[in-house]
Amino acid sequence: MPPLNTSCPSPVPFLLVGIPGLEHLHVWIGIPFCSMYVVAVVGNVTILAVVRAERSLHEPMFLFLCMLSATDLVLSTATLPRMLCLFWLGARAIALDACLAQMFFIHSFTALESGFFLAMAVDRYVAICHPLRHTTMLTPARVALMGVVVVVRGVAFFSPHPILLKQLPYCGTRIIAHTYCEFMAVVKLACVDTGATKRYSLSMATIIGSCDAVLIAVSYVFILRSVFHLPSQEARFKALGTCGSHVCVILVFYSTAGFSIFTHRFGKNIPAHIHIFIANMYLLVPPFLNPIVYGVRTKKIRELVLKTLMVKGV
């Protein structure tokens, strides 16, 4: 008589651990995380509202910024509210379908974030290096097409993740040593060989992230070369300040995301709490910083926001 299959899928929920080893600090860690989420939501909603209301901002730069803001809203909302429930209410249980849905939004919208960073870098490259051709090269139709390509790429490459995990049998422990349903943390719980599945996930993340990062770096090299040829020293300093703040946000995103990706492959000796804490950073910090760097530091948006606040205050 064949042995019974004890690894059949069951409705038993997964249990999120949070940050292993720092459970006693979850309440306090949740305070800055919540503050960052509030700033991210208010800032990104403000950018979307201002650009939508002001027709003079319907330019490629601001349209890409709106796409980035919408992505940030989805990415942070898919992560933070559930994380805060874990930190403050001790709500560890999460159903399989909810876990897979969260995973899809996190991974696909992280790819969208990377794609829109690239699109914005291309826009800045054309605007600075080929200013006379900017309006003809980046027409509204081409901007929309670039946005669609970024969205389709992110959804197409990461839709298989929840589908693959839905088919796997889970047995024994269902404890996810993470603050959210991250692919590699969940796939470890399967009681079958998942080597091919892990390789697919890591290769997709590596290919998309590295290609985007290289193209962004090349764009900014050309941008900086043009900036250093500007005749006015004041113009050079202003352009360098703007580019520098953009590069800092991009570096935070790619360095933390890259650290998380390569820790799964090579960082077996890195403490779990460090890995998970940094893994949270690429989901929390860019949505928090983007409205400040791309919004507050952008003169047109800053002036329109201040003008709106003064009108309402009268």
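In which helix is the place of Phe87? The place of Phe87 is in helix H2, and the legends below refer throughout to a predicted model.

**Figure 1. Helix H2, residues 60–89, in close-up.** Helix H2 comprises 30 residues. From its first C-alpha to its last, H2 reaches 43 Å, close to the 44 Å expected at 1.5 Å a residue. A bend of about 30 degrees occurs in H2 at Thr77, and a proline, Pro81, follows within four residues. Of the 30 residues in H2, 21 are buried, and the helix is thus mostly covered. Just after H2, Gly90 adopts a positive phi of about 70 degrees.

**Figure 2. Three buried residues of helix H2: Leu65, Asp72 and Phe87.** Leu65 is found in H2 and has a relative accessible area of 2%, so Leu65 counts as buried. The C-alpha atoms of Leu65 and Leu48 are separated by 8.5 Å, the two residues being 17 residues apart along the chain. Asp72, also placed in helix H2, is buried with a relative accessible area of 0%. Asp72 and Leu112 lie 40 residues apart in sequence, while their C-alpha atoms are 9.4 Å apart in space. For Phe87 the relative accessible area is 4%, a value under the 20% limit, and therefore Phe87 is buried. Ile19 is 68 residues from Phe87 along the chain, with 9.4 Å separating the two C-alpha atoms.

**Figure 3. Helix H1, residues 26–53, and its buried residues.** Helix H1 has 28 residues. The distance from the first C-alpha of H1 to its last is 40 Å, close to the 40 Å expected at 1.5 Å a residue. The buried residues of H1 include His26, Ile29, Gly30 and Phe33. Further along H1, the buried residues include Met36, Tyr37, Ala40, Gly43 and Asn44. Ile47, Val50 and Val51 are also among the buried residues of H1. An α-helix has 3.6 residues a turn, so residues three or four places apart point the same way.

**Figure 4. Aromatic pairing of Phe14 and Tyr170.** The structure holds nine aromatic pairs. One of them joins Phe14 and Tyr170 in an edge-to-face arrangement, with 5.4 Å centre to centre and 90 degrees between the planes. This pair links distant parts of the chain, its members being 156 residues apart. Phe14 belongs to strand E1 (residues 14–16), whereas Tyr170 occupies the loop between helix H6 (160–167) and strand E3 (175–176). Both Phe14 and Tyr170 are buried. Arg174 lies over the face of Phe14, at 5.1 Å from the ring centre.

**Figure 5. The ring pair of Phe104 and Phe105.** The ring centres of Phe104 and Phe105 are 5.5 Å apart. Their planes stand at 65 degrees, so this pair is edge-to-face. Phe105 has a relative accessibility of 34% and therefore counts as partly exposed.

**Figure 6. The aromatic cluster that includes Phe253.** Phe117, Phe253, Tyr254 and Tyr282 form one aromatic cluster. The place of Phe253 is in helix H9. With a relative accessibility of 2%, Phe253 counts as buried. Phe253 and Ser114 are 139 residues apart in sequence, yet the distance between their C-alpha atoms is 8.4 Å.

**Figure 7. The second largest pocket and its lining.** The space in the second largest pocket amounts to about 440 Å³. Its lining consists of 26 residues, of which Thr110, Ala205, Thr206, Ala257 and Ile261 are the closest to the pocket centre. At least two lining residues are supplied by each of helix H3 (96–129), helix H7 (183–187), helix H8 (195–227) and helix H9 (233–266).

**Figure 8. The largest cavity and its lining.** A search of the whole structure finds one cavity of 30 Å³ or more. The largest cavity holds about 60 Å³ of space. Met61, Phe64, Met120, Ala121, Asp123, Arg124, Tyr220, His246 and Tyr294 line this cavity. H2 and H3 are the elements that give two or more residues to the lining. Helix H3 contributes the largest share, four residues.

Key: Residues are numbered from 1 along each chain as its sequence is written. This is a predicted model: local features need pLDDT of at least 70, side-chain atom pairs count only at pLDDT 80 or more; totals for chains, interfaces and linings use all residues. Side-chain values use heavy atoms; hydrogens and water are left out. The expected span of a helix is 1.5 Å times one less than its number of residues. The bend at a residue is the angle between axes fitted to the seven residues ending there and the seven starting there. Buried means under 20% relative accessible area, exposed over 50%, partly exposed in between (1.4 Å probe, protein chains only). Rings of Phe, Tyr and Trp (its six-membered ring) pair if their centres lie within 6.5 Å; planes under 30 degrees apart count as stacked, over 60 as edge-to-face and the rest as tilted. A charge sits over a ring if NZ of Lys or CZ of Arg is within 6 Å of the ring centre and within 35 degrees of the ring normal. On a 1 Å grid over the protein atoms alone, a cavity is a set of points where a 1.4 Å probe fits but cannot get out, and a pocket is an open set with protein on both sides within 12 Å along at least five of seven lines; lining residues have an atom within 4 Å of a point. Grid points are joined across faces, edges and corners, and a volume is the space filled by probe spheres set on the points.
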